[in-house]
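Visitor: I'd like a close look at one part of this model. Please start from a single strand and work outward.

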Amino acid sequence: MATNVLMPKMGYDMTEGKILRWMKQEGDAVSKGEPIAEIQTDKVNIEIEAFAGGVLAKILHGADEDVAVGEVIGIIADPGEKVEAPAKAPSAGQALANKGSGLDMAQSGEGGEAVGLDVGAGNGAKANATVSTSTIEEPSMVKQANADAQRAAEGAQAPVRREGERVKASPLARKMAAGQGLDLAEVPGTGPGGRIVKRDVEGYKPVQKPAAFVPTAAVTEVPLTRMRQAIARRLSESKQTAPHFYVTKAIDMTEAVAFRAQVNQTLTGAQKVSFNDMVIKAVAKALKAYPAVNASWADDRIVQHDRINVGMAVALPEGLVVPVINDAYAKTLSQIAEDAKDLAARAKENRLRPDEFSGGTCTVSNLGMFDVESFTAIINPPESAILAVGSINKEAVVINDEVVVRSMMRITISSDHRVIDGALAAQFLGEVKRLLETPLLLVV
């Protein structure tokens with residue numbers, strides 16, 4: 001029986017993927033679980049594995065093609081079975097309507113069925129992610145377009161003015177527009193037959209058009225990678241929708257410096273602890289103490305997460321990824337150190353599994369290794385907080401009315417004010433400070 005191979009959904013905001021290469025050609029035998037193609041998502045390259053055995057009967061999308069999530073990219077069939085390419089996949093909006101009426105987004109071929117895929121990590125490990133067409137979400141851009149269309153339909157009171165058509169306006173409206181420097185052709189009319197009247201000019205708000213970029217010298221245009229597009233989209237959305245506010249604290253890391261040096265004398269290899277590992281552990285314990293920070297905004301409610309999964313920002317040449325240390329509160333410092341090194345190394349090799357960069361509940365972004373004293377970070381949605389960590393520097397500070405030299409570090413929390421208030425952010429930072437200034441608390 002024919003089985004459709006679908007473009008899988010590898011993240012809540014993924015709307016399409018790019019086929020990098022087919023590892024099998026039409027007519028090749030395929031075994032269940034065997035890698036058949038490599039795709040590129042917003043964050044990683046993933047090998048997809050056959051969900052059924054047989055023959056790769058048809059390849060519907062070739063290398064370098066961008067394909068919408070849930071669309072059929074190939075068909076696996078029994079040897080000698082005749083198959084036909086399915087009809088073009090419906091739009092995301094139509095898919096939602098179909099889902100409500102019991103129809104699938106990807107229709108099977110003759111006698112076939114729509115199924116998902118196992119997703120491998122490129123090293124033989126499986127993410128155990130079976131993608132079903134019933135889990136396909138409407139892309140955010142489609143949601144926005146639908147919302148805009150709905151608002152336009154609700155507010156439309158005048159017919160669309162055709163190009164070159166004479167602008168109909170009352171004498172008073174023309175006088176008011178001339179006084180304000182308005183182009184009447186841009187003002188919707190709500191009078192009879194679309195005539196522009198006084199209230200239209202009074203209520204009109206000109207649309208701000210972005211200034212066109214005019215190069216003043218020779219330039220090099222850099223095409224946007226899929227990862228850079230995702231970063232631009234997600235962080236712009238975060239900054240525009242989540243009301244950010246920031247709280248900074250200075251932390252005396254003198255005891256933490258001595259503690260790390262002592263601990264690392266007894267540890268070897270990947271178990272050796274970095275300062276970032278200590279911060280991740282402190283954040284995890286502080287989230288346990290203040291679960292209201294370990295939360296997300298969900299439009300009509302706040303969702304507090306039971307698991308404490310701390311993301312760590314990793315810089316790559318092509319952008320930024322945030323692998324996640326799951327259940328960080330329950331892990332020892334050396335376990336966090338091992339996980340962090342492994343995740344960072346595989347992130348740089350583009351070998352992260354989808355489950356390793358999703359599900360985070362709070363993120364740590366550390367620029368201390370670049371000698372950055374302090375900075376503010378943009379929240380990684382759907383989380384409600386991100387901690388920006390600066391460098392450790394020796395400074396003169398006053399303790400008991402005496403000036404002494406201490407190792408100081410500054411941390412800044414960016415919080416979503418819809419979820420976290422200033423007092424809560426300050427208390428949370430105070431707990432992180434307490435844990436790092438008394439580092440033995442990190443191991444008890």
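Which residue in β7 stands opposite Glu 16?

Guide: Ala 68 does: Glu 16 stands opposite Ala 68 in β7. Keep in mind that this is a predicted model.

Start with the strand pairings. Strand β7 covers residues 66-68. β2 and β7 run antiparallel, joined by 3 bridges. β2 also pairs with β4, which spans residues 35-40. That pairing is antiparallel too, over 4 bridges. Here Lys 18 stands opposite Gln 40 in β4.

Now follow the chain out of β2. β2 takes in residues 16-22, and β3 takes in residues 29-30. The loop between these two strands holds Lys 24. Is Lys 24 buried or exposed? It is buried, because its relative accessible area is 16%, and buried means under 20%.

What does the side chain of Lys 24 reach? One partner is the backbone oxygen of Ala 29, at 3.3 Å. Another is the side chain of Glu 34, joined to that of Lys 24 by a polar contact of 2.8 Å. Both Ala 29 and Glu 34 appear among the contacts of Lys 24 when neighbours within four places in sequence are left aside. On that same count, Lys 24 is also in contact with Val 30, Pro 35, Ile 36, Leu 56 and Ile 59. Pro 35 belongs to β4, residues 35-40, and so does Ile 36.

For contrast, turn to another site. Phe 259 is in helix α6, residues 254-264. Phe 259 counts as buried because its relative accessibility is 10%. Leaving out residues up to four places away in sequence, Phe 259 touches Met 278, Leu 333, Pro 439, Leu 440 and Val 443. Look at the chain separation as well. Phe 259 and Thr 438 are 179 residues apart along the chain, yet their C-alpha atoms are separated by 9.3 Å.

Two of those contacts lead to the surface. Leu 440 and Val 443, both touched by Phe 259, make a nonpolar surface patch together with Val 444. The patch is about 320 Å². Val 444 is in the segment after α9, the helix of residues 422-437. Val 444 counts as exposed because its relative accessibility is 70%, and exposed means over 50%.

Technical notes: Residues numbered from 1 in each chain as written. Predicted model: local features only at pLDDT ≥ 70, side-chain atom pairs only at ≥ 80, totals over all residues. Heavy atoms only, no water. Buried < 20%, exposed > 50% of the residue type's maximum accessible area, 1.4 Å probe, protein only. Polar contact = N/O pair within 3.5 Å; in protein donor to acceptor, adjacent residues only side chain to side chain. Contact = heavy atoms within 4.5 Å. Patch = residues over 30% accessible without salt bridge, like charges linked within 9 Å, V, L, I, M, F, W, Y side chains within 5 Å. Areas by Shrake-Rupley, 256 points an atom, 1.4 Å probe, with all protein chains shown as cover. Salt bridge = Lys/Arg side-chain N within 4 Å of Asp/Glu carboxyl O. Pairing = 2+ DSSP bridges.
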